[in-house]
Amino acid sequence: MTRRHENQAESLATDTRDVDIRLTFVPPEDEPATGELDLEDRQALRRVPGFSTDLTDISEVEYRQLRLERVVLVGVWTSGSAEDAENSLRELKLLAETAGAQVLEGLIQRRARPDQATYIGRGKVEELRETVVATGADTVICDGELSPAQLRNLEERIKVKVIDRTALILDIFAQHAKSKEGKAQVELAQLTYFLPRLRGWGGSLSRQTGGRAGGATGGVGLRGPGETKLEIDRRRIRARMAKLRREIAELRANRETKRLQRRRNAVPSVAIAGYTNAGKSSLLNRLTGAGVLVEDALFATLDPTTRRATTPDGRTFTLTDTVGFVRHLPHQLVEAFRSTLEEVSEADLVLHVVDGSHPDPEGQIRAVREVLAETGAGDLPEIVAINKADIADPVELARLRTLEPRSVVVSARTGQGLPELLEMIAAELPRPAVEVSALVPYTRGDLVSRVHEHGEVLEIEHTDTGTRLRARVDPGLAAMLDGYALA
């Protein structure tokens with residue numbers, strides 16, 4: 001590896017750590033930002049359509065990393081309007097394309113509830129089989145989570161690989177996870193999902209040793225522990241899951257230590273939450289110059305990134321970009337990413353980013369708030385930033401502002417509305433609790449600097465003997481200023 005590659009690797013590794021930088025940092029013009037390097041690396045290798053194996057019967061499917069190519073989508077419309085069902089299937093199409101698939105067809109079945117045996121019903125299965133044969137698809141993706149029985153029945157009747165929405169999202173997460181914590185969280189979610197769906201390949205993995213001599217399952221040479229190959233696999237998966245949980249717990253402790261350090265320094269925190277591809281990373285880059293990866297794709301960034309920012313009145317706070325949400329976010333991911341999602345629940349303010357150009361922004365807002373409620377962040381103060389104002393319909397933006405009074409229209413691309421957004425953040429951030437009046441000598445300029453950085457300066461005057469100031473600060477800084485307090 002050359003020195004240049006080592007420097008790039010160090011730059012990529014630095015981005016995955018929860019660190020703060022100052023706004024004055026500007027990377028050299030001849031060096032690309034970390035996000036640009038990530039995007040270049042991601043686009044360096046693409047799946048090529050047309051290389052799929054011609055399969056006629058794969059009723060027994062070996063679950064491995066998904067390599068989707070030509071797919072047919074199918075969904076069940078159980079409630080809501082037809083537009084809601086179409087929006088859900090349209091989102092599934094974007095997910096499939098993000099995973100590297102070519103979508104050929106989409107079908108929706110109107111039912112009171114999904115069929116327990118085949119998800120879409122016997123008649124629709126035959127129609128789906130005809131569509132698969134006519135289009136030459138090799139995979140069917142269902143817009144919901146399938147039970148192991150539904151998955152097995154559909155594969156036996158359609159004769160191609162069948163996956164559900166959960167497996168598709170897990171595959172995208174597996175492709176985009178970069179940090180050690182992100183990879184461990186994704187692997188834990190995948191193992192949790194695949195454990196009850198584990199199946200053997202034919203009869204060879206279902207043979208059992210042990211039993212009475214001469215019996216159907218025993219005899220000479222077959223005496224043993226009496227454990228099937230599938231049970232051995234399940235036991236190994238459970239052991240791996242336990243190890244992953246321990247690793248995530250250790251990384252969670254490290255993240256908590258960093259949060260405690262920020263609390264000791266009395267630095268307020270703002271968590272950027274929102275639907276996937278709403279522009280959270282773009283907004284973070286615009287406000288702080290973080291340089292994280294930006295791509296027009298679902299779940300482009302998974303690892304949380306924290307950067308330092310400043311309010312218009314000079315107070316310092318941190319901005320944390322979190323993982324994006326989606327409708328019907330798999331429960332396994334919510335549990336596995338709970339330590340990451342705690343960045344939201346531990347914040348002082350939630351900056352909820354909404355895609356103002358999306359056909360159904362209200363549905364996105366509901367989906368995000370459902371996940372926030374699951375993580376204990378449902379009661380936190382919230383500011384709704386309606387993003388992509390440069391391409392959204394002005395009438396739709398006005399309607400959203402009416403529905404969400406605590407909102408502001410912004411554009412991370414052009415910078416529109418960002419000064420108003422920073423003013424709203426400054427008004428919502430918690431203010432220091434103690435008001436002090438002090439005459440600080442010029443030899444203690446460090447104290448004045450800390451007041452500017454961590455407190456709220458109300459009045460300031462430079463005199464012959466020192467700096468006279470009145471400010472609101474945290475109790476620790478107030479104690480340090482007590483020796484210079486004015487009556």
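**Note on the predicted chain: contacts, cores and one hairpin**

1. In the chain, 70% of the contacts with a separation of 6 or more are made between residues 24 or more positions apart. The model is a predicted one, and the chain in it has 16 helices and 13 strands.

2. As to burial and surface, 47% of the 487 residues count as buried, while the area that the chain exposes comes to about 24300 Å², of which carbon and sulfur atoms supply 50%.

3. The largest nonpolar core is made up of 51 residues, and within this core Phe-173, Phe-299 and Phe-325 have the most contacts. If residues up to four places away in sequence are set aside, Phe-173 touches Val-186, Phe-299, Leu-302, Val-323, Leu-333 and Phe-337. Separate from this is a second core, which has 23 residues, including Val-292, Ala-309, Leu-349 and Leu-429. As background, nonpolar side chains in soluble globular proteins tend to be buried together.

4. Strand β6, which spans residues 305–310, is mostly covered, with five of its six residues buried. Its partner is strand β7 (residues 316–321), to which β6 is joined by six bridges, the two strands running antiparallel; across this pairing, Arg-307 stands opposite Leu-319 in β7.

5. The hairpin formed by β6 and β7 has five residues between its strands, and a reader checking the backbone there may wish to know that Gly-314 takes a positive phi near 95° in this hairpin.

Technical notes
Residues numbered from 1 in each chain as written. Predicted model: local features only at pLDDT ≥ 70, side-chain atom pairs only at ≥ 80, totals over all residues. Heavy atoms only, no water. Helix = DSSP H or I, 4+ residues; strand = E, 2+ residues; numbered from the N terminus. Buried < 20%, exposed > 50% of the residue type's maximum accessible area, 1.4 Å probe, protein only. Contact = heavy atoms within 4.5 Å. Areas by Shrake-Rupley, 256 points an atom, 1.4 Å probe, with all protein chains shown as cover. Core = buried A, V, L, I, M, F, W, Y, C linked by side-chain atoms within 4.5 Å. Pairing = 2+ DSSP bridges.
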